[in-house]
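Open your viewer and get ready to select a few residues by number. We will go stop by stop, and at each one you can look before you read on.

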Amino acid sequence: MFHSSPETAWHPDLSKIERVRCLAPVLENKGNRLKTNLGDLSVQFVDSSLVRLSLGASSSVNYGLIREDIDAHSVYPQWHSNQSQWIAQSGSLAVWVDQSSNTLSFIKDSKLRISSPQDASFTSPHRIAPLGLGYWQHRRYWTFSVGLESGEPIYGLGEKWSTLDKRGQWISSDNRDAVGVNAEWSYKNCPFLWSTKGWGVLFHTPNRVHHAVGYPQYSHRSYIGFVEEDTALDIFIFLEESCVNILQKYSWLTGETPRLPLWGFGIWISRAWYKDEEEIMESVHRIRNEHFPADVFLLDGRTWLDTFTRFAFDWDSTRYPNPSLLVERLHHLNFRVACWEYPLISIYHPWFVELARKGYLLKDKASGETLIYVWPRGPFSSKLPPLPNSGILDFTNPEAYKVWRESHKKLFHIGVDVMKTDFGEQIEDRALAFNGDGGERLHNVYPLLYNKCVYEATQLYGNPKNGAPMVFGRSGWISSQCYPTQWGGDPQADWGGLEASIRGGLSWGMSGGTCYATDIGGFYSREHYLSSQLFVRWTQAAIYSSHMRFHGLGPCEPWIFEQVEVYILESMKWRYRLLVYLEFCLEQARRFGLPFMRALPLIYHRDVICRQFDLEFLFGPCILVSPVTNPEDEVTFYIPDDSVFWYDWWTGERWRGGQVVTRKYSWKQYPLMMKEGTVLFLGPQVESTRAFENKETDWNTRIEEVHVFGLPTIIALPDYMAERLQLENRSSQVVLIKNLPENISVITHGPVKMYYEGTNVVLETI
């Protein structure tokens with residue numbers, strides 16, 4: 001719906017592409033560039049598994065999408081000829097260019113890893129250009145293509161709602177206000193894809209990129225990427241042995257996930273709007289009185305702002321004459337306070353005039369005047385008041401960036417703890433930025449600049465007692481994992497919305513985005529489709545994402561279905577018992593670039609059965625989850641890895657991996673398996689993380705139970721807590737856990753017995 005723009009039909013004619021023709025090395029550059037009809041072609045070996053390929057002259061505008069010291073890590077090999085090929089080689093890596101067809105081959109350890117398509121026609125042995133430049137519908141585009149093996153799956157390309165394997169699809173890396181999760185449009189895109197064969201491609205560009213991924217209208221056996229309107233083609237080729245290594249290298253290249261505050265892993269409470277302070281306090285008191293655990297209360301846009309004049313960091317004084325008192329009252333009830341924002345300023349607010357006069361807003365290319373964004377009539381027009389015509393802040397202007405960042409001071413000064421950074425997808429091609437870029441180039445990278453600015457504001461002006469900064473953002477691009485977290489936009493409140501939200505989170509995780517959240521129960525059409533059963537199942541699924549939030553149009557608090565309130569409460573309590581494990585997952589994200597929600601093909605890339613289970617995932621390295629996503633309460637799920645055993649959390653059953661299981665579940669349960677070898681630490685049931693303040697490392701406060709599944713191999717603790725423990729293998733059948741505090745309950749699962757030797761816990765195979 002609402003996808004009738006010309007972009008959706010943008011499919012270039014392959015016959016109109018001018019193919020690259022490599023001519024000779026450019027001698028004045030010591031032969032490390034190859035002269036072509038489309039500009040100089042350079043190869044850069046970043047390390048033993050990462051190749052950079054560049055064609056043409058790069059833009060002078062650098063958006064910081066990759067690490068700044070990339071050249072210091074790199075080798076620039078010289079091109080030479082062996083009669084039939086141009087070759088660039090260094091160490092174990094080589095790139096070959098066939099002198100007659102100009103096809104590309106990427107070699108590692110003397111093995112061909114990927115090459116240009118071998119897709120022929122009656123008139124040409126190479127129908128698809130390996131590299132090329134073309135024009136279509138008045139737009140210039142670069143192309144890069146790769147041949148695909150039969151059945152080879154392709155993953156990544158950002159947050160997408162359909163199947164995780166993108167083979168057969170046309171995907172656009174083009175950030176959109178998708179107004180749902182039902183079509184190809186999405187809020188977070190990333191022109192990064194990879195294959196289970198161990199290779200990946202990142203298009204280093206802020207521009208739109210379109211991907212024909214074994215797309216049958218072109219070729220079911222080839223991948224073709226189209227980069228719109230950039231001055232050069234700049235790509236990175238990953239040649240790894242595993243998909244996990246590809247994501248780790250992507251994180252190294254584009255930036256790692258930072259530390260995050262513990263309270264952010266608690267539960268967030270929100271709805272599209274509360275009408276006034278009285279309604280807010282009624283909700284928060286009920287949360288505390290009925291002992292629902294929660295940490296953050298989020299004031300969405302229409303809750304704290306005057307819609308007609310937003311956004312200028314001003315509270316709606318008619319409803320909130322003393323906002324600092326409201327924040328104080330929320331803090332008193334152990335809530336952190338989140339406030340909504342977007343980077344648009346209503347033309348009806350005096351600040352718009354000031355910002356426009358100073359040149360701090362994007363301009364219109366045609367007129368040179370301040371660009372006025374007019375909101376389209378959308379699906380929520382009958383539900384929400386119309387949004388005002390607005391200017392858009394220009395984050396490429398250093399002074400505008402600084403003003404926006406510093407404007408957060410007054411919110412943080414009265415105690416606001418974190419910002420929800422909504423929108424960011426509204427940059428039209430007609431926009432002109434301070435740095436000289438047009439909207440077609442700024443469009444995708446704009447939310448990255450926006451979220452970075454607000455993240456820095458939180459870092460500079462937020463309460464230092466809150467710990468590490470964070471934002472709660474919607475839109476993203478390459479390196480958005482550096483400014484977490486992100487949530488999945490506006491899902492429809494039905495079973496399909498739940499399924500699409502899970503796939504969106506997993507797809508984002510396969511694209512380098514480590515953190516994710518969704519709107520529990522769905523955002524819209526709740527009055528038509530949301531049932532108590534779906535609300536329970538969505539809550540259960542949301543436990544296993546990095547961040548967990550109740551949100552939507554209309555009431556969406558945990559008690560909206562009284563008959564299932566007990567199931568919702570149990571799920572919320574279980575989330576808090578897993579907080580230590582969430583911190584462990586964060587360290588894995590920081591160290592390896594791996595998401596909290598790990599799709600099965602990412603971890604078990606050689607297991608073809610895993611590719612059939614798009615809704616099942618690992619939560620961190622140790623917990624396997626398959627959410628219930630249908631009203632029949634029946635789930636067919638796969639237990640991966642036939643070399644290990646898994647334990648059913650509910651029944652204690654021990655299952656060997658490699659099995660497909662179909663079961664029906666009560667509303668209280670769902671497929672939840674623990675990997676053998678895991679030492680899982682569960683915390684106490686608390687109503688907020690305030691219970692842990694200044695006691696984050698205190699075992700007696702943080703840990704209540706230890707569950708050991710078989711002989712331990714993985715201590716699922718963050719480093720700052722794990723450093724006191726030690727695993728010692730006495731033999732293949734006996735393992736010691738050293739220095740575990742005596743007052744903590746230890747529960748074993750599987751064929752092991754436990755006894756104590758002083759302060760050591762001894763586990764022995766039965």
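This tour visits a helix, some salt bridges, a cavity, a pocket and two single residues. Keep in mind that the model is predicted.

**Stop 1: helix α5**

Select residues 350–357, which make up helix α5. Which residues of α5 are buried? Colour Trp351, Phe352, Leu355 and Ala356, for these are the buried ones. They share one side of α5, because together they cover an arc of only 130° around the axis. Now turn to the other side of the helix, where Pro350, Val353 and Arg357 are exposed.

What do the buried residues of α5 pack against? Show β23 (344–346), β25 (390–392) and α6 (398–407) to see their packing partners. Before you leave, click on Gly359, just after α5: this glycine takes a positive phi of about 75°.

**Stop 2: salt bridges**

How many salt bridges does the structure hold? The total is 46, and we will visit some of them.

Start with Asp119 and Arg127, and show their side chains. They meet in a salt bridge, with 3.0 Å from N to O. Are these two residues buried or partly exposed? Asp119 counts as buried because its relative accessibility is 6%, under the 20% cut-off. Arg127 has a relative accessibility of 30%, so this residue counts as partly exposed.

Next, select Asp300 and Lys420. In this salt bridge the closest N and O atoms are 2.6 Å apart. The pair joins distant parts of the chain, as the two residues are 120 residues apart. Asp300 sits in the loop between β21 (296–299) and α3 (301–304), while Lys420 belongs to strand β26 (residues 418–421). Asp300 is buried at 8% relative accessibility, and Lys420 is buried too, with a relative accessible area of 1%.

Then move to Arg690 and Glu693. Their side chains form a salt bridge at 2.5 Å, N to O. Arg690 is partly exposed, with a relative accessible area of 23%. Glu693 is also partly exposed, and its relative accessible area is 30%.

To finish this stop, select Asp177, Asp422, Glu425, Arg474 and Asp490 together. What links these residues? They are joined in a network of salt bridges.

**Stop 3: the largest cavity**

Now for some empty space. Rolling a probe the size of a water molecule over the atoms shows where such space is left. The structure holds 5 cavities of 30 Å³ or more, and the largest cavity has about 90 Å³ of space.

To find the largest cavity, select residues from its lining, including Leu498, Tyr516, Trp538, Met597 and Phe617. Add Ser501, Thr518 and Ser545, which also line this cavity. Which elements give two or more residues to the lining? They are α10 (495–509) and α12 (532–542). Sorted by kind, the lining residues are 9 nonpolar and 3 polar, with no charged ones.

**Stop 4: the second largest pocket**

Next, go to the second largest pocket, which holds about 780 Å³ of space. Its lining is made of 31 residues, and the closest to its centre are Leu260, Pro261, Leu262, Gly467 and Ala468. Select those five to centre your view.

Then show α14 (579–592) and α17 (719–722), the elements that give two or more residues to this lining. Which of them gives the most? It is α14, with 5 residues. Here the lining divides into 11 nonpolar, 8 polar and 12 charged residues.

**Stop 5: two single residues**

Select Lys695, in the loop between β39 (678–682) and α16 (699–702). Lys695 is partly exposed, with a relative accessible area of 41%. Leaving aside residues up to four places away in sequence, Lys695 touches Thr701 and Arg702.

Last, select Arg139 in strand β12 (residues 139–147). Is Arg139 buried or exposed? Arg139 counts as buried, at 13% relative accessibility. Now add Glu228: the two are 89 residues apart in sequence, and their C-alpha atoms are 6.9 Å apart in space.

Note on methods
Residues are numbered from 1 along each chain as its sequence is written. This is a predicted model: local features need pLDDT of at least 70, side-chain atom pairs count only at pLDDT 80 or more; totals for chains, interfaces and linings use all residues. Side-chain values use heavy atoms; hydrogens and water are left out. Buried means under 20% relative accessible area, exposed over 50%, partly exposed in between (1.4 Å probe, protein chains only). Helices (H or I, at least four residues) and strands (E, at least two) are DSSP runs, numbered from the N terminus. The arc is that of the directions from the helix axis to the C-beta atoms. Contact means heavy atoms within 4.5 Å. A salt bridge is a side-chain nitrogen of Lys or Arg within 4 Å of a carboxyl oxygen of Asp or Glu. On a 1 Å grid over the protein atoms alone, a cavity is a set of points where a 1.4 Å probe fits but cannot get out, and a pocket is an open set with protein on both sides within 12 Å along at least five of seven lines; lining residues have an atom within 4 Å of a point. Grid points are joined across faces, edges and corners, and a volume is the space filled by probe spheres set on the points. Ala, Val, Leu, Ile, Met, Phe, Trp, Tyr, Cys and Pro count as nonpolar, Asp, Glu, Lys and Arg as charged, and the others, Gly among them, as polar.
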